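Morning, everyone. I have one structure to walk through today. Have a look at it first, please.

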Amino acid sequence: MKRTLTCITLAALALATGLAQAQNKTLRLLTWADYAPKDVVEQFTKETGIKVEITLSNNEEMISKLRATGGAGFDLAQPSQDRIAGPQTEFRIYKPLDLSKIKRELFIPSMLEATQANTRVDGKVYGLPHIWGTDGLVVNTKLSKASDYPDLCAPENAGKVSMRLKRPTLIAFAFASGKNPFALYNDAKAYAALMTEVGQTLINCKKNVKFYWDGKDQLLAGLRSGELTTAMMWDTGGWALNKTQPEIKFIAPKSGALGWVDTYAIPAKGRNDAAAYAWINFNLRPEIAAKVASAAGNFTASKGADQLMNETLKKQFADSFPEAALKNIKWYPAVPAGVEDIEGRILDRVKAAQ
């Protein structure tokens with residue numbers, strides 16, 4: 001009997017050890033499309049022996065998935081920097097980063113410092129910068145003279161524009177009205193009043209909207225065909241279209257493009273922190289970062305990666321962002337608790353309006 005129990009115990013220990021070893025050799029990554037290209041994943045696995053399981057997501061889904069599990073199910077996530085402090089304060093879905101395990105020399109210092117400041121909760125850092133980019137206007141310059149967000153609502157563009165029913169649209173129109181929504185983040189009453197004004201503007205603008213986009217394929221097809229003359233969208237979409245249709249350009253709006261940074265954050269109940277830090281340091285190597293940036297069409301926080309980027313992308317960036325436009329980018333700060341609830345109510349109102 002004792003021998004049987006001993007055998008069972010040893011078998012259980014062997015199984016547990018095998019599972020632990022399998023977990024140590026797997027990184028469960030929650031990320032955006034194009035942030036983990038096949039060749040980059042293969043190289044990482046070849047160098048480290050760690051397999052990468054990829055789940056594609058977006059900010060809202062990341063928060064929802066991690067909130068539902070208390071931060072379990074993934075070893076590394078890539079939320080935008082403004083979506084870390086608020087959810088962490090409310091739901092405790094991430095764990096503090098051990099900054100001794102990252103290679104600081106691989107990061108652009110200013111971006112590393114800014115992201116650490118924007119993702120700090122109770123004195124601890126929860127995010128590291130990776131990919132960054134902007135939202136602005138993509139314009140068919142033969143069919144539209146749009147130069148700022150309100151031009152989406154101009155009579156000459158009636159029925160030929162597209163935008164998202166998401167918070168960036170609210171933020172963009174708030175800045176275009178001459179007000180700074182970020183300055184009101186901690187004043188719920190004032191922020192709600194501003195969002196109500198913006199919501200009414202968007203309701204009045206509905207007659208101009210051909211469709212509210214959610215996925216990129218419909219949006220890009222509409223611009224390629226001329227069905228759309230102007231859209232509020234991200235810079236890389238405009239640059240991709242510009243390669244084959246030079247008349248379509250990404251424009252930094254007069255009131256300022258909206259700047260975002262997607263980060264690395266470790267979920268609270270991640271099982272493989274070692275693999276997470278290995279992936280972060282691997283991806284910040286300039287030659288790897290340049291591959292990822294080329295796949296995503298954006299720039300990265302990797303120091304020196306810009307020198308290895310595609311020459312066409314570098315020229316498009318320079319054309320879209322002369323010095324004044326670069327200085328006028330409105331970078332998203334951390335979103336405090338409650339702000340997205342206010343925005344959600346306004347967006348629902350716009351969606352329901354006839």
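A term before we start: buried means under 20% relative accessible area, exposed means over 50%, and partly exposed is in between. Take Lys210: at 44% relative accessibility, Lys210 counts as partly exposed. Keep in mind that this is a predicted model.

Stay with Lys210 for a moment. What is the salt-bridge partner of Lys210? Glu227, with the closest N and O atoms 3.9 Å apart. Lys210 sits in strand β8, residues 209-212, and Glu227 in the loop between α8 and β9, so the pair ties together parts 17 residues apart in sequence. Glu227 has a relative accessible area of 36%, so Glu227 is partly exposed too.

Now two pairs within helices. Glu42 and Lys38 form a salt bridge, 2.5 Å from N to O. Both belong to helix α2, residues 38-48, and they are four residues apart, about one turn of the helix. Lys38 counts as exposed because its relative accessibility is 64%. Glu42, at 42%, counts as partly exposed.

The other pair is Asp319 and Lys315, and their closest N and O atoms are 2.9 Å apart. These residues are in helix α12, four residues apart, so about one helical turn separates them. Asp319 is exposed, with a relative accessible area of 53%. Lys315 is exposed as well, also at 53%.

The salt bridges come to 18 by count. Some of them form a network, which links Glu60, Asp82, Arg83, Arg167, Glu340 and Glu343. Remember Glu60, Arg83 and Glu340 from that network. They come back shortly.

On to the pockets. The largest pocket has a volume of about 1,200 Å³. It is lined by 41 residues. Which of them lie nearest its centre? Trp32, Arg164, Trp213, Trp234 and Trp260. Several elements give two or more residues to this lining, among them α3 (59-69), α6 (167-176) and β11 (258-264). α9 gives the most, with four residues. By class, the lining has 15 nonpolar, 13 polar and 13 charged residues. Domain 1 (1-132 + 260-321) and domain 2 (134-259 + 330-352) each supply at least three residues of the lining.

The second largest pocket has a volume of about 620 Å³. Of its 24 lining residues, the closest to the centre are Glu60, Arg83, Glu340, Asp341 and Gly344. So here are the network residues again: Glu60, Arg83 and Glu340. α3, α4 (85-91) and α14 (339-352) each supply at least two residues of the lining. α14 gives the most, with eight. The class split is nine nonpolar, four polar and 11 charged. Again, each of the two domains supplies at least three lining residues.

Last stop, strand β6, residues 128-140. Buried or exposed? Mostly covered: 13 of its 13 residues are buried. Now its pairings. β6 runs antiparallel to β11, joined by seven bridges. There, Ile131 has Asp262 as its bridge partner. With β12, residues 299-300, β6 pairs antiparallel over two bridges. Ile131 stands opposite Thr300 in β12. β9, residues 230-234, pairs with β6 over five bridges, also in the antiparallel sense. In that pairing, Val139 faces Thr230. Finally, β10, residues 248-251, runs antiparallel to β6 with four bridges. The partner of Leu137 there is Ile251.

That's the tour. Thanks.

Terms used: Residues are numbered from 1 along each chain as its sequence is written. This is a predicted model: local features need pLDDT of at least 70, side-chain atom pairs count only at pLDDT 80 or more; totals for chains, interfaces and linings use all residues. Side-chain values use heavy atoms; hydrogens and water are left out. On a 1 Å grid over the protein atoms alone, a cavity is a set of points where a 1.4 Å probe fits but cannot get out, and a pocket is an open set with protein on both sides within 12 Å along at least five of seven lines; lining residues have an atom within 4 Å of a point. Grid points are joined across faces, edges and corners, and a volume is the space filled by probe spheres set on the points. Ala, Val, Leu, Ile, Met, Phe, Trp, Tyr, Cys and Pro count as nonpolar, Asp, Glu, Lys and Arg as charged, and the others, Gly among them, as polar. Domain bounds come from an automatic or database domain assignment. Buried means under 20% relative accessible area, exposed over 50%, partly exposed in between (1.4 Å probe, protein chains only). Two strands pair if DSSP finds at least two bridges between them. A salt bridge is a side-chain nitrogen of Lys or Arg within 4 Å of a carboxyl oxygen of Asp or Glu.
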